Amino acid sequence: MTYTPTVGFISLGCPKALVDSERILTQLRTDGYTISPTYQNADLVVVNTCGFIDAAVAESLDSIGEALAENGRVIVTGCLGAREDEIRARHPQVLKVTGAHAIDEVVASVREHLPPRHDPFTSLLPPQGVKLTPSHYAYLKISEGCNHRCTFCIIPSMRGDLVSRPVDDVLVEAERLAQAGVKELLVVSQDTSAYGLDVKYQPRDWRGRSVQTRFYDLAEALGDLGIWVRMHYVYPYPHVDDVIPLMAAGKILPYLDIPFQHANPRILKLMKRPAASQNNLERIKAWRSVCPDITLRSTFIVGFPGETEQDFTELLDFLSEAQLDRVGCFAYSPVRGAAANDLPDAVPEALKQERLARFMAHQEAISAQRLQQRVGRIETVLVDEVVEEGAVARSRADAPDIDGQVFIDGATHLKVGDFVQVELEEADEHDMWGHLV
Ligand code: SF4
């Protein structure tokens with residue numbers, strides 16, 4: 001058997017980092033490298049790190065240490081790469097450190113330390129590239145970086161300002177994925193609704209027509225692919241309203257992942273949130289009147305510096321009014337380098353945790369009630385997994401990993417990637433159960 005240079009890969013962090021990993025792996029496969037799932041079979045290991053919160057930094061540093069101990073030759077990339085000094089202080093023997101989104105730099109470094117051996121048979125590559133997600137869904141990254149400067153976030157300092165991919169480039173990738181059998185595209189970026197702002201919404205040709213590099217145009221064109229399209233990280237700018245009719249018409253999924261982070265205007269201002277002055281309750285009401293089935297997912301931070309008991313109560317009132325479907329919440333964590341750390345009136349840790357628990361209990365009741373309202377309905381679900389007891393699927397209201405699941409007992413004949421109709425018969429605060437119809 002001929003030898004092919006082999007690279008091990010560890011991918012940590014968010015879906016945006018996952019997309020970077022897929023691009024690096026696709027390029028490495030094109031260059032003739034084999035990818036190994038074990039340290040022992042690899043000639044060197046690439047670790048794609050995350051630096052978002054302290055726990056992620058610790059996990060990334062530990063993973064680098066493990067790769068060094070098990071393999072010895074390690075290239076580091078990803079968000080934590082912006083803090084090279086810190087990485088080298090703990091692991092001086094790493095071969096190379098790059099920042100996030102440095103696909104070419106990582107590939108060049110692999111080539112330098114492990115020269116490729118081109119072989120047309122081993123470098124045959126599926127046209128959709130290498131995907132790390134199961135083959136029936138895929139993340140579609142439309143831009144990199146962010147023009148905002150939310151005071152709790154260090155992403156712009158690690159990933160830079162917004163750089164949008166040309167819309168035709170994105171659509172070609174989406175089309176290839178659909179042709180390869182992908183049933184659901186998850187559109188990701190740091191700020192999906194700002195897509196195209198940096199290139200002045202430049203028009204591009206696609207399928208013989210002109211499409212602008214713009215959130216609405218992208219959503220509309222993706223809606224023509226005939227598969228599920230789910231929008232993540234959308235901020236509540238007024239132009240988001242225009243996309244809701246596409247959801248009502250069934251072109252894209254009636255689902256918005258829209259991180260509100262807080263409801264109190266003073267806290268939102270301290271956070272320097274985009275669209276902080278919008279009246280979000282009014283917007284939500286308007287969206288539901290256009291698309292009654294819309295699922296709204298959001299994330300919040302409690303215990304932000306300066307948050308009073310009254311601000312927090314206002315947040316709980318917002319939850320009661322907004323009736324969001326899915327909600328994630330974090331206690332404020334002072335990430336090193338974040339501007340919010342210099343704000344006065346830090347909330348004591350115990351109080352943050354107490355507010356987090358109150359917040360979760362409050363929302364749990366709302367989420368449970370929202371799911372309960374769907375019991376008795378017939379809905380289309382996408383099968384993610386078939387296990388001994390039956391099929392595990394997701395409805396239009398559930399994004400993979402972060403939302404709930406729909407369990408179909410006994411349906412072991414189904415296949416991953418099947419769309420089927422189920423009657424929903426039971427729900428808790430997170431998941432649902434149903435039978436095939
Ligand atoms: S919008 Fe704010 S939280 Fe999101 S990436 Fe940009 S700066 Fe960070």
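Ring pairs tie four phenylalanines, Phe260, Phe300, Phe318 and Phe359, into a cluster. That cluster is a handy place to start looking around this model, which is a predicted one. In all, the count of aromatic pairs comes to eight. One of them is formed by tyrosine 137 and tyrosine 139, whose rings meet edge-to-face. The centres of these two rings are 6.4 Å apart, and the planes stand at 90° to each other. Tyrosine 137 counts as buried because its relative accessibility is 8%, under the 20% limit. Tyrosine 139 is buried too, with a relative accessible area of 7%.

Stepping back to the whole chain, the protein is divided into three parts: domain 1 covers 6-113, domain 2 covers 137-373, and domain 3 covers 377-436. Taken over C-alpha atoms, the centres of domain 1 and domain 3 are separated by 35 Å. The tour below goes through sheet, ligand, loops and barrel in turn.

Domain 1 spans residues 6-113, and an open sheet of five strands turns up with the order E2-E1-E3-E4-E5. The pairing in this sheet is parallel. At its edges sit strand E2 (34-36) and strand E5 (96-97), each of which pairs on one side only. Further in, strand E1 (residues 6-11) and strand E3 (residues 44-49) run parallel and are joined by five bridges. As for who faces whom, isoleucine 10 has valine 47 in E3 as its bridge partner. Strands of a sheet, generally speaking, pair through backbone hydrogen bonds, either parallel or antiparallel.

Next comes the ligand. Around it lie Cys146, His148, Cys150, Phe152, Cys153, Pro156, Gln190, Tyr235 and Arg273. Sorted by character, this shell holds six nonpolar residues, two polar ones and one charged one. The charged member is Arg273, because Arg is counted among the charged residues. The polar pair is made up of His148 and Gln190, since neither His nor Gln is listed as nonpolar or charged.

A couple of loops deserve a closer look. Glutamine 261 has a phi near 70°, a positive value in a residue other than glycine. The loop that holds glutamine 261 lies between strand E13 (255-257) and helix H9 (265-271). With a relative accessibility of 9%, glutamine 261 counts as buried. Aspartate 345 also has a positive phi, about 60°, although it is not a glycine. This aspartate 345 is found in the loop between strand E15 (326-331) and helix H12 (349-372). Here the setting is an open one: aspartate 345 counts as exposed because its relative accessibility of 58% is over the 50% limit.

The loop between E15 and H12 is also the place of aspartate 342. Aspartate 342 is exposed, with a relative accessible area of 70%. This residue has a partner from far along the chain: aspartate 342 and threonine 151 are 191 residues apart in sequence, yet 9.5 Å apart in space, going from C-alpha to C-alpha.

The last stop is a barrel. Five strands close up in the order E16-E17-E18-E20-E19, with mixed pairing. From one strand to the next, the twist averages 50°. Going round, strand E16 (residues 378-387) and E17 run antiparallel, with six bridges joining them. The link between E16 and E17 is a hairpin that passes through two residues. Across this pair, valine 381 stands opposite serine 395 in E17.

Strand E17 (residues 390-395) is mostly covered, and six of its six residues are buried. On to its next neighbour: E17 and E18 run antiparallel and are joined by four bridges. Alanine 391 finds its bridge partner in isoleucine 408 of E18. After that the direction changes, with strand E18 (residues 406-409) and strand E20 (residues 432-436) running parallel and joined by two bridges. In this parallel pair, phenylalanine 407 has tryptophan 433 in E20 as its bridge partner. In a regular strand, side chains alternate between the two faces of the sheet.

Key
Residues numbered from 1 in each chain as written. Predicted model: local features only at pLDDT ≥ 70, side-chain atom pairs only at ≥ 80, totals over all residues. Heavy atoms only, no water. Near = heavy atom within 4 Å. Pairing = 2+ DSSP bridges. Axes fitted to C-alpha atoms, helices over the stretch in contact; angles between N-to-C directions. Domains from an automatic or database assignment. Phe/Tyr/Trp six-rings, centres within 6.5 Å; stacked < 30°, edge-to-face > 60°. Buried < 20%, exposed > 50% of the residue type's maximum accessible area, 1.4 Å probe, protein only.
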